[in-house]
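Subject: A structure for you to look through

Hi,

Here is the structure I promised you. Have a look at it first, and then read my notes underneath.

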Amino acid sequence: KGGKLGKKRRIPKSESDFAPIAEEIKQEFIKKNIKFDYIHAESNGELDIKGIDFLLFYKDHIIPLQLKSFYSEEKVKKHFKRYTIPMIFITEKAKEKNIKTATLELLDEWEKNQEKTKKLVYVINGEIKKIYYKKEPRE
């Protein structure tokens, strides 16, 4: 029982699944002499409040990343009204290699076109589905 103080946040499956993959990418890039590192945002910390679960440091880029474990069109639209951060939805059927592939694609896309990539979503179930969202016109 007890209040919110001292209560540990349960790390969503998507976040706990992603950390070892980020570490694997880091080790591979170290071998290739490519700069890469990451920070896992602290619960209710400054990054978390801004909708960022991970910060990826890739070459000369800093890439914010939001991870979700449940995909819905409505959830995506709500997220992009509030934040401009690429997202990866990791569903229960996600395969580790697909999460890694999507992350590597995200890094590559960010390097090519950061502005476009800010509205990018990867939905990872059995396979990867890539979706770009356009800015909705203001009413």
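How many aromatic pairs does the count come to? The count comes to 4 aromatic pairs. One of them is formed by Phe18 and Phe54, with 4.8 Å from centre to centre and 65° between the planes, which makes the pair edge-to-face. Phe18 sits in helix α1 (residues 13-31) and Phe54 in strand β2, 36 residues apart, so to speak a link between distant parts of the chain. Both Phe18 and Phe54 are buried. Phe29 and Phe36 also pair up: their ring centres are 5.6 Å apart and their planes stand at 80°, so this pair is edge-to-face. Phe29 and Phe36 are both buried. There is an aromatic cluster to find as well, made up of Phe18, Tyr38 and Phe54.Before going further, please keep in mind that this is a predicted model. The protein chain has an average pLDDT of 80, and 86% of the residues score at least 70. Over residues 1-10 the pLDDT is below 50, and this stretch has 4 contacts in the model beyond near neighbours in sequence. Where pLDDT is low, the predicted coordinates should not be read in detail. Among the helices and strands, where is confidence lowest and where is it highest? It is lowest in strand β6 (residues 128-132), with a mean of 79, and highest in strand β2 (residues 54-58), at 94.

Next, the sheet. It is an open one of 6 strands, in the order β1-β2-β3-β4-β5-β6, and the pairing is mixed. Strands β1 (36-40) and β6 stand at the edges with a single partner strand each, so one side of each has no neighbour in the sheet. On average, neighbouring strands are turned by 20° against each other, ignoring direction. If you want a pair of strands to trace, try β4 (residues 87-90) and β5 (residues 120-124): they run parallel and are joined by 4 bridges. Ile90 stands opposite Ile124 in β5.

Which strands do the helices touch? Helix α3 (residues 73-82) packs on the sheet and touches β3 (61-68), β4 and β5, with its direction at about 155° to that of β4. Helix α4 packs on the sheet too, touching β1, β2, β3, β4, β5 and β6, and its direction makes about 170° with that of β5.

Last, the charged side chains. Side chains of opposite charge can pair when their charged atoms come close. Here the count comes to 10 salt bridges. Glu24 forms one with Lys100, where the closest N and O atoms are 2.8 Å apart. This pair links distant parts of the chain, with Glu24 in helix α1 and Lys100 in helix α4 (residues 96-112), 76 residues apart. Is Lys100 buried or exposed? Its relative accessibility is 15%, so Lys100 counts as buried, while Glu24, at 32%, counts as partly exposed.

Glu105 and Lys130 meet in another salt bridge, at 3.2 Å from N to O. It also links distant parts of the chain: Glu105 is in helix α4 and Lys130 in strand β6, 25 residues apart. Glu105 counts as partly exposed because its relative accessibility is 28%, and Lys130 is partly exposed with 36%. Salt bridges with shared partners also join Glu24, Glu28 and Lys100 into one network.

Happy browsing!

How values were computed. Residues numbered from 1 in each chain as written. Heavy atoms only, no water. pLDDT = per-residue confidence, 0-100. Helix = DSSP H or I, 4+ residues; strand = E, 2+ residues; numbered from the N terminus. Contact = heavy atoms within 4.5 Å. Phe/Tyr/Trp six-rings, centres within 6.5 Å; stacked < 30°, edge-to-face > 60°. Buried < 20%, exposed > 50% of the residue type's maximum accessible area, 1.4 Å probe, protein only. Salt bridge = Lys/Arg side-chain N within 4 Å of Asp/Glu carboxyl O. Pairing = 2+ DSSP bridges. Axes fitted to C-alpha atoms, helices over the stretch in contact; angles between N-to-C directions.
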